[in-house]
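Please examine the sequence and the model shown below before reading on. The paragraphs after it proceed from the overall fold to individual residues.

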Amino acid sequence: MIRLRVLLALLTVLFLAIVSLAAVLSVAEVMAALGNSAAAATFRYIGLGTGCVAVITLLVLVVWISLVLVGELIRQEAVAEPPSAEQQAAAAFSDQEQGDEHVESQDAMS
């Protein structure tokens, strides 16, 4: 459950950062069109910071998903049941039969 909450939080931050980036850059273009270059530059720097937050959040999201997937794979391998004694005996018996057939085929060739 905690994994889903962290994933939801990261996706929310990423979404808000992208929306904020679009809004800030739009305001910067409006300010530039109005002729206020100082305000436009300020909003572009704010947009740069917001873009950095978006990129960092995306990287954390990718790392988080990778760690969760690797953890699930490890957990599935750890939970997997070892073969029972009957399965091991059956596998050994079939291996022995295959070996006997191989020896018989070599004897027939010679």
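What follows is a guided account of this structure, taken from its fold to its core and then to its surface.

The model is a predicted one. Its secondary structure consists of three helices and zero strands, and reading along the sequence gives the pattern α-α-α. The protein has 110 residues, of which 12% count as buried. Its accessible surface comes to about 8,600 Å², and carbon and sulfur atoms account for 70% of that area. Among contacts between residues at least 6 apart in sequence, 64% join residues at least 24 apart.

Helix H1 covers residues 2–34. With 33 residues at 1.5 Å a residue, H1 should span 48 Å, and its end C-alpha atoms are indeed 48 Å apart, so the expected and computed values agree. After H1 comes Gly35, whose phi is positive, near 100 degrees. Helix H2 takes up residues 37–79.

Which residues of H1 are buried? They are Leu10, Leu14, Ala17, Val24 and Ala28, and these buried residues pack against H2. Part of this set reappears in the largest nonpolar core, which is made up of five residues: Leu10, Leu14, Ala17, Ala54 and Leu61. H1 and H2 are the elements that give two or more residues to this core, and the largest share, three residues, comes from H1. As a general matter, nonpolar side chains in soluble globular proteins tend to be buried together.

Two residues allow a closer view of this packing. Leaving aside residues up to four places away in sequence, Leu10 touches Thr57, Val60, Leu61 and Trp64. On the other side of one of these contacts, Thr57 is found in helix H2. With the same exclusion of sequence neighbours, Thr57 touches Leu10, Val13 and Leu14. Is Thr57 buried or exposed? Its relative accessibility is 8%, and because buried means under 20%, Thr57 counts as buried.

The discussion now turns to charged residues. Side chains of opposite charge can pair when their charged atoms come close. The structure holds three salt bridges. In one of them, Glu72 pairs with Arg3, the closest N and O atoms being 2.8 Å apart. Glu72 lies in helix H2 and Arg3 in helix H1, so this pair ties together parts that are 69 residues apart in sequence. Both partners count as partly exposed, Glu72 at 25% relative accessibility and Arg3 at 34%.

Glu72 also forms a salt bridge with Arg75, with the closest N and O atoms 3.0 Å apart. Because Glu72 and Arg75 are three residues apart in helix H2, about one helical turn separates them. Arg75 has a relative accessible area of 43% and is therefore partly exposed. Through salt bridges that share partners, Arg3, Glu72 and Arg75 are joined into one network.

A further salt bridge is formed by Arg44 and Glu29, whose closest N and O atoms are 3.6 Å apart. This pair links distant parts of the chain, with Arg44 in helix H2 and Glu29 in helix H1, 15 residues apart. How far apart are the C-alpha atoms of Glu29 and Arg44? The separation is 8.7 Å. Arg44 counts as partly exposed at 40% relative accessibility, and Glu29 likewise counts as partly exposed at 48%.

Finally, the surface of the model includes a nonpolar patch. Phe15, Leu16 and Val19 make this patch, which has an area of about 300 Å². Phe15 is found in helix H1. The relative accessible area of Phe15 is 54%, and because exposed means over 50%, Phe15 is classed as exposed. H1 thus holds Phe15 at the surface as well as the buried residues that pack against H2.

Definitions and conventions
Residues numbered from 1 in each chain as written. Predicted model: local features only at pLDDT ≥ 70, side-chain atom pairs only at ≥ 80, totals over all residues. Heavy atoms only, no water. Helix = DSSP H or I, 4+ residues; strand = E, 2+ residues; numbered from the N terminus. Buried < 20%, exposed > 50% of the residue type's maximum accessible area, 1.4 Å probe, protein only. Contact = heavy atoms within 4.5 Å. Expected span 1.5 Å × (residues − 1). Salt bridge = Lys/Arg side-chain N within 4 Å of Asp/Glu carboxyl O. Patch = residues over 30% accessible without salt bridge, like charges linked within 9 Å, V, L, I, M, F, W, Y side chains within 5 Å. Areas by Shrake-Rupley, 256 points an atom, 1.4 Å probe, with all protein chains shown as cover. Core = buried A, V, L, I, M, F, W, Y, C linked by side-chain atoms within 4.5 Å.
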